[in-house]
Protein chains: 4
Amino acid sequence: MVNYEQYLEIRAYTVNLCKHLENEDFVIQAEEFVSPAKWHLAHTTWFFEAFLLKELLAGYKEFNPHFNFFFNSYYNGKGDRTARNIRGLMTRPTVSEVMQYRQYVDEAMQLFFDSSAINSQISDLIELGFNHEQQHQELLLTDLKYNLSLNPLYPSVSDREEYPKAETHDWITSEEGIYRIGFQGGGFSYDNEMGRHQVYLHAFSISSTLVTNADYLSFIVDGGYQDHNLWHSEAWAWINNEKIAKPLYWEEIDGEYMYYTLNGIKPLDKEAPVAHISYFEAAAYAAWKGCRLPTEFEWEAASNRFNWGSRWEWTNSSYLPYPNFTKAPGAIGEYNGKFMINQMVLRGASVATSPGHSRNTYRNFFDTYARWQFSGIRLAK
Amino acid sequence: MVNYEQYLEIRAYTVNLCKHLENEDFVIQAEEFVSPAKWHLAHTTWFFEAFLLKELLAGYKEFNPHFNFFFNSYYNGKGDRTARNIRGLMTRPTVSEVMQYRQYVDEAMQLFFDSSAINSQISDLIELGFNHEQQHQELLLTDLKYNLSLNPLYPSVSDREEYPKAETHDWITSEEGIYRIGFQGGGFSYDNEMGRHQVYLHAFSISSTLVTNADYLSFIVDGGYQDHNLWHSEAWAWINNEKIAKPLYWEEIDGEYMYYTLNGIKPLDKEAPVAHISYFEAAAYAAWKGCRLPTEFEWEAASNRFNWGSRWEWTNSSYLPYPNFTKAPGAIGEYNGKFMINQMVLRGASVATSPGHSRNTYRNFFDTYARWQFSGIRLAK
Amino acid sequence: MVNYEQYLEIRAYTVNLCKHLENEDFVIQAEEFVSPAKWHLAHTTWFFEAFLLKELLAGYKEFNPHFNFFFNSYYNGKGDRTARNIRGLMTRPTVSEVMQYRQYVDEAMQLFFDSSAINSQISDLIELGFNHEQQHQELLLTDLKYNLSLNPLYPSVSDREEYPKAETHDWITSEEGIYRIGFQGGGFSYDNEMGRHQVYLHAFSISSTLVTNADYLSFIVDGGYQDHNLWHSEAWAWINNEKIAKPLYWEEIDGEYMYYTLNGIKPLDKEAPVAHISYFEAAAYAAWKGCRLPTEFEWEAASNRFNWGSRWEWTNSSYLPYPNFTKAPGAIGEYNGKFMINQMVLRGASVATSPGHSRNTYRNFFDTYARWQFSGIRLAK
Amino acid sequence: MVNYEQYLEIRAYTVNLCKHLENEDFVIQAEEFVSPAKWHLAHTTWFFEAFLLKELLAGYKEFNPHFNFFFNSYYNGKGDRTARNIRGLMTRPTVSEVMQYRQYVDEAMQLFFDSSAINSQISDLIELGFNHEQQHQELLLTDLKYNLSLNPLYPSVSDREEYPKAETHDWITSEEGIYRIGFQGGGFSYDNEMGRHQVYLHAFSISSTLVTNADYLSFIVDGGYQDHNLWHSEAWAWINNEKIAKPLYWEEIDGEYMYYTLNGIKPLDKEAPVAHISYFEAAAYAAWKGCRLPTEFEWEAASNRFNWGSRWEWTNSSYLPYPNFTKAPGAIGEYNGKFMINQMVLRGASVATSPGHSRNTYRNFFDTYARWQFSGIRLAK
């Protein structure tokens, strides 16, 4: 059963991520796929208000009836909402009002925890709220990075270290056979990783390390972005139309590659794992090396035998339901299932992932063009 | 010759327009054709810095060398600049830094005024800076209104009164003959209104009053937006594609028309002149009444015989150069001439126009779709 | 009063324009602003059927009731129609059926001419049909050229000579004063050129010759397309976005400029007048020469003193109604008036204009980007 | 080893598909994803010329050196080509020239067959050419249907019967265990279905019959297109933006559903399997029935126990490589592999599939929006 101390810790962690921001930084949304920091702060709060307090805390009075419209993300079951592409135009409620909203809901949650009404089903829902907020903590960072990256001043907004230590490369081999895949055990997991089931894997090898910036630079220098044989047909059209020839946030200044981090612009660390690449680039790199990306099943089966956690790792598995996957009834059922198409699975975690929010059964997913996450490459063959 | 007291008065007027804003309100840009309030505050300051202080004040040190990039609007002759469509993503410099920038330039301008270096040519340039800032004062208000109009909270950001008093309608007639058109005399005018010249006008009548909201409502109720005979071909495509059936900022709530003002949402004042309509709508209304819009020459010739100043009045004249129009050399020459195509002239002034910034020779201009100015209709026949 | 021989002559001229076409060439439409040859053949026929035969010939039976839908162009008053952008997808009715349609209507028109029902009002309408068909003869050629220009085989589809003889340049001067403008006299004219009226012109000079390909080449070589000072703001954005750096149909092959004509690709004739340029390019060229484009009033006032007719000549006048312009009632009123916005007037005629379809009061008009007409430049100052 | 009689039979089948077409029908391309009939006729011919005759027939002289540019589809390894979206603007070469091209290549192929140069590797390449042409036979029909469907005359262009006989529904069950998937044996298969491998399947049931038009109509009547819970998030945005509320080619006329077939418009046959639906609609229908789509592995494992072949059947499997999939070297390697992303697998065949071109290991694939194929639904649970 969850408790209020856990709640407060997670909630404080979110606010703490914003400590270096100027008030103006909270407002903007550079593209439809990112959200303003202010919105993340409010939406995570709305989650507790909409799914718990309004439903279950007797006498609870909404902070502001307009907020359901402003801060619902994608739950059709919870009513209309601000169009996603204009979240960055909502100057009101202000940052200060959003902080009051957090305070108000935190106090109501304390009442709720104190009310002894929390049974195991409610505890599960609160725990989903914790994990939901942790997911948004990572998005808050990656969205901030994207939102501020268009500013020629290269603002620094976080002291998060983006470069993990280098390791020695090795090939790890696995034998052909039946493997058990999916979450099992007592803690929290999302519905999309449940339904432990059997998968037949043919023999494979997987790299013990991630592809580094130095490795990726070799691919660029070797003309990787110019060789159509390495790319999916759709990818080839994309890199040519969008004139893509390097990872997001790399900038060539006076012949040297620089890299925009949350802490301002820095020289590219050659030994660090490459980050901010799309599935398309990951697949092309693998083809160039004569290798391939692992499936998510291979990844999971081998994951206890290598270090992971600094980059989300693209797999060659589509994000599809496991056998016996079922959606929860009501708005909560919209959490995962409706996204199970046209996206690829990423496994692992990243430097932006919150503590306690990683498991080797975790299925992250993005579309094949997405580059603003800390996404990298692990090879298989 | 201009003086520092005039300078300070105009500069203070700009800042004062923002007194009801929240910090967040300064940041956003809802469409490419509007700018953030923060940008207006900085760009008007940059104008004095770029055209006067950096050129003419010995020993002047730029406040921040990046600001030329951030706050140049459209002067190709003054170098590269932030793409217009992402002005609203520049959270830095912050509002507070922009206010410091204004202070810094104001102090340098005091030195400049004190330096006795100001001859008549420089005085003219400073006076252009005054008028430039006054133009942006009006844009600051109309852009703010647009930027905040998407927020379902209908924020109030100004106490500007949008509804002038009603007047009695009359037809004013003018005789056929040669008229003198264009600015003449000692004060300030823009280059586009200079070059006094002769125009032959045929006899015409012009209304003494503007079309009211009640008048325009009759047009709507009579099916004006559904009758293709009243519309230009391009306009007919536009209103159908964009589903336009009423002026901007009108909202039908519970069967009543409401109207979003800078001071929040209000019932529509039927006796007030209609505002926020496009040229296309003005022309269709005129056709529906069996009348037409006046040319800018007719308007100017008759302007001493009616009241004007609450709405910019669409004319049926294209914005083209007067005979003998010439562009000033250098970046200042980009002020007006390069916009003389595919726009229609508006004459008069509006409730958002700054005091002392109106003349009956003033040529305002917008494209035929523009609706976010306080634009209205005066009929002719 | 018009007669059937005139009718037959004009109708035969249209068909004769297509004598070098393959059946496939009649079908396609490369952009929304052009139409298939097949469509022109049928639409001009529909005009006689819809405005004359169906209204006025007793017992007339429509050739095919679907054809009103297929071949109405833009007359809202004549009902629904094929969306303009898919005219090129209508393989049925076939070319052969369209030719039968022409035959059928021609025979009915003979009956109509024979019926003695033709009074002066009807004769005027038939004469409008003649002129309408002649307008479409020119469009048939210019649309064909555009439609086939994307084919790398450079098909030849006409023996029309595009290069007139060179002439000697001179400046023709006119004095300040009142001029009479607009059509007067007994023959045919469009409603947009009627309403003879007075215009006051200041003194001006106009060139006796058109700008040549050699002249225009100097502009290109001198960096004309790279100097923002020469261009309207909207034009500058356009040439940069569309990467425009030479007239339409010019192609640089092995360091030489070639030019696609209706008769296949040819070396560029340096002494011939430049063709296929936009208003924006005409205006930039004029600025580069330190000149300007004439207004349509200057052009008309001076037109008896120079040769014209090989290129449509861009003027610096917007296409707006003359004083006292009125639209005819009904669908015929849609012919001209609804296009009087956001277009510039061209005066003269071109090598593609049909015999007998030119007058010095003729007001042609296109938008400022249009380049597929035989449009050229005459300078004024 | 293949022989010339087989070649001639397949080639004649293609031409025969066009016997009801007017010349004009061969030209057009209504959207980028379809091609003109003329293009299919030529491209299939080009395949033999480019991969066989030019490479392997001594003394072979290309029919026309331009044709490589016109009729290469997507093989980057074979050089530049007409942009896909303007295939419908290429009136030259004409239909008649394309028919001559077919004749010319057919004669050269006879020489080639007679030359005894054909070893087993070359025979495989020719067989690929056969299968390639058969694939295009189906596309020729489905593209024709789409191209002509915008014509309000509902042209009839084929006597292909689109409605198979109804069958009785049953659930077929399969046990949990390891299944062998992929092509095995002596005949032809594509590279994407090779690499027979083992897959672990959990127990499942699959329907013996396809979803009928009557079934699908119930889904529509029950509000299936209005219930967000049934749809993927991306699908929900799509049906709302595109206003999709019924299968492609269904039209409601006087309260009855009609359906455009290759043989003109017909009343909807309620007992026939639904056709022309997207993956998104198939998945939503399955959700509405409380079922799901089968995976491609389940489909293949159970396929010997039901009839298939009238509709391509959407599966819930992404089009991804089988274990040990490898691309052939050179341009032939572009045939399949580069499309293995963001598409879903369809299994079976359709009424438009050519005789001899079906196998239960065949992996067809389209994106989740595609509706112009004869695509239908088989349920699983």
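How far apart do the end C-alpha atoms of residues 170-303 of chain A lie, and what share of that span is helix and what share is strand? The legends below belong to close-up views of a predicted model, and the opening view takes up this question.

**View 1. Two annotated spans of chain A, shown from end to end.** In the UniProt record, an unreviewed entry, residues 170-303 of chain A carry the annotation "domain: Sulfatase-modifying factor enzyme-like". The end C-alpha atoms of this span lie 14 Å apart, and the span is 26% helix and 24% strand. The same kind of record, again an unreviewed entry, gives the annotation "domain: DinB-like" to residues 7-138 of chain A. For residues 7-138 of chain A the end C-alpha atoms lie 17 Å apart, and the span is 56% helix and 0% strand.

**View 2. An open sheet of three strands in chain A, with a helix packed on it.** The strands of this sheet follow the order S5-S6-S7 in chain A, and their pairing is antiparallel. Strands of a sheet pair through backbone hydrogen bonds, and this pairing can be either parallel or antiparallel. Strand S5 (250-253) and strand S7 (264-267) of chain A are the edge strands, each of which pairs on one side only. When direction is ignored, neighbouring strands of the sheet are turned by 40° against each other on average. Helix H6 (residues 213-221) of chain A packs on the sheet, where the helix touches S5 and S6 of chain A, and its direction makes about 70° with that of S5(A).

**View 3. The pairing of S6 and S7 in chain A.** Strand S6 (residues 256-261) of chain A is joined to S7(A) over four bridges, in the antiparallel sense. Within this pairing, A:Met258 stands opposite A:Pro267 in S7(A).

**View 4. Two helices of chain B that cross.** Helix H2 (residues 37-56) and helix H4 (residues 95-114) of chain B have axes that come within 10 Å and cross at roughly 30°. Because angles under 35 degrees count as roughly parallel, H2(B) is described as roughly parallel to H4(B). The crossing of H2(B) and H4(B) is left-handed. Among the residues of H2(B) that meet H4(B) are B:Leu41, B:Trp46, B:Phe48 and B:Leu52, and the residues of H4(B) that take part include B:Val98, B:Tyr101, B:Met109 and B:Phe112.

**View 5. Chains A and B about their axis.** Two copies of a chain are related by a rotation about an axis and a shift along it. Here a turn of 180° with a shift of 0.0 Å along the axis lays chain B on chain A with an RMSD of 0.0 Å. In chain B, the C-alpha nearest the axis belongs to B:Glu24, and it lies 3.0 Å from the axis. The interface residues of chain B are, to 100%, also interface residues in chain A, so the copies meet through the same surface.

**View 6. Chains C and D, and the pairs of chains that do not touch.** Chain D is superposed on chain C by a rotation of 180° with 0.0 Å of shift along its axis, at an RMSD of 0.0 Å, and this is the relation of a two-fold axis. The C-alpha of D:Glu24 is the one in chain D nearest the axis, at 3.0 Å from it. By contrast, no contact joins chain A and chain C, whose closest C-alpha atoms lie 14 Å apart. Chain B and chain D do not touch either, and their nearest C-alpha atoms are 14 Å apart.

Methods: Residues numbered from 1 in each chain as written. Chains lettered and ligands numbered in written order. Predicted model: local features only at pLDDT ≥ 70, side-chain atom pairs only at ≥ 80, totals over all residues. Heavy atoms only, no water. Least-squares fit on C-alpha atoms with pLDDT ≥ 70 in both. Pairing = 2+ DSSP bridges. Axes fitted to C-alpha atoms, helices over the stretch in contact; angles between N-to-C directions. Contact = heavy atoms within 4.5 Å. UniProt positions renumbered as here; feature names shortened; annotations may be inferred. Parallel < 35°, antiparallel > 145°, perpendicular 65-115°, else oblique. Left-handed = near helix turned anticlockwise from the far one by under 90°.
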